[in-house]
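Colleague: I would like to go through the helix packing and then the small sheet with you, one question at a time. Please show the model before we start.

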Amino acid sequence: MNVESVGKTVEEALEAALKELNLTKEEVDYTVLVEPKKGFLGFGKKEAKILVTPKVEKVSVAAEKAEAAEETLKDKIVSFGEKTVDSAGSALRAVGEKANELDEKQKAFNDRVKDKWNDAVDSVKESGDKVKSAVNEKVETANAVTAAVKNTLSERKNKRAAAEPAKEFIVDDAVVDEAKDFLAKIFKAMKIEVMMEKFVNKKDGCVVLKLHGDDMGILIGKHGQTLDSLQYLTNLVANKNTENRVHIVIDVENYRERRAETLTRLAKRLADKVKKNGERIVLEPMNPHERKIIHTALQNDNKITTLSEGSEPYRKVVIELKK
């Protein structure tokens, strides 16, 4: 078998071919097909290429030895096979008989296991039905008890509600009249005509005096500051000589309701900005009533929290992300 081999040098190509043929240098002849060239700057470079041919005498001898060894091995195998075939046949027959015996035993065992399994399944099913029935009975009893308890509690609650008269706040009319007289004097001094309406909240006893007239903006002021001051002074004057304090709220053309809606929208818009940017926002100073509107508007937001900072009358609401 001829082999072509390449390498950087003729010696390297020859060494590779000898390795492939598993021969020594003395057992082959070789012819250089291409002389190696180093080239210049990477151009014109060539590797050595040779043709290697095993010497006929050595190959023939090796082949004859291999053939003789092969024949000897065949003879030994045939001899061994003839001697062992009978004993192997006997062994195989014995194995087959043993396998049949084991197969029968396995089938019998499987049948016993199957019977035991079916008996166990029937037993578990019967027990499960009993447990299920008992649980359902307990659940029905528990539901009946729960319903009875609810009915009893509801009846007691209704009886207490019927027995206890609804609490109503009694408003001291003298305090309200004092407030009206004070406001009337203020409006007269300001030379404006104002109509006053009185509303009473029976739940907390708060009295709302709604003011109507022309050019009422002067009573509101920037962000309701004038209105808050007027309300503060009115409460001081009206309640100075009474023990039954009355909380008086002054409103001009439903300004407080509109202001509450504006503050609610502002709170939600600023909360969205805080959630987007992650930076806290501090609002301008507000009175306690307006700060409460901000807190209430955002109290159910899972990502936002509000707090008040500073001292009156410069106390401010802060909106920030929950930590």
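Colleague: Which handedness does the crossing of α3 and α5 have?
Modeller: This is a predicted model, in which local features need pLDDT of at least 70, side-chain atom pairs count only at pLDDT 80 or more, and totals for chains, interfaces and linings use all residues. Residues are numbered from 1 along each chain as its sequence is written, and side-chain values use heavy atoms, with hydrogens and water left out. Helices α3 (residues 173–190) and α5 pack with axes 8 Å apart at about 130° (lines fitted to C-alpha atoms over the stretch in contact, angles from 0 to 180 degrees between N-to-C directions). The crossing (left-handed if the near helix is turned anticlockwise from the far one by less than a right angle, right-handed if clockwise) is right-handed.

Colleague: Is Thr234 of α5 buried or exposed?
Modeller: Thr234, which is found in helix α5 (residues 225–238), touches Ala179, Phe182, Leu183 and Ile250, leaving aside residues up to four places away in sequence (contact means heavy atoms within 4.5 Å). With a relative accessible area of 0%, Thr234 is buried (under 20%, against over 50% for exposed and partly exposed in between, with a 1.4 Å probe and protein chains only).

Colleague: In the sheet β7-β9-β8, which strands stand at the edges?
Modeller: The three strands form an open, antiparallel sheet in the order β7-β9-β8 (strands are DSSP E runs of at least two residues and helices H or I runs of at least four, numbered from the N terminus; pairing needs at least two bridges found by DSSP). Each edge strand has a single partner, so one side of it is left without a neighbour in the sheet, and these strands are β7 (281–282) and β8 (304–309).
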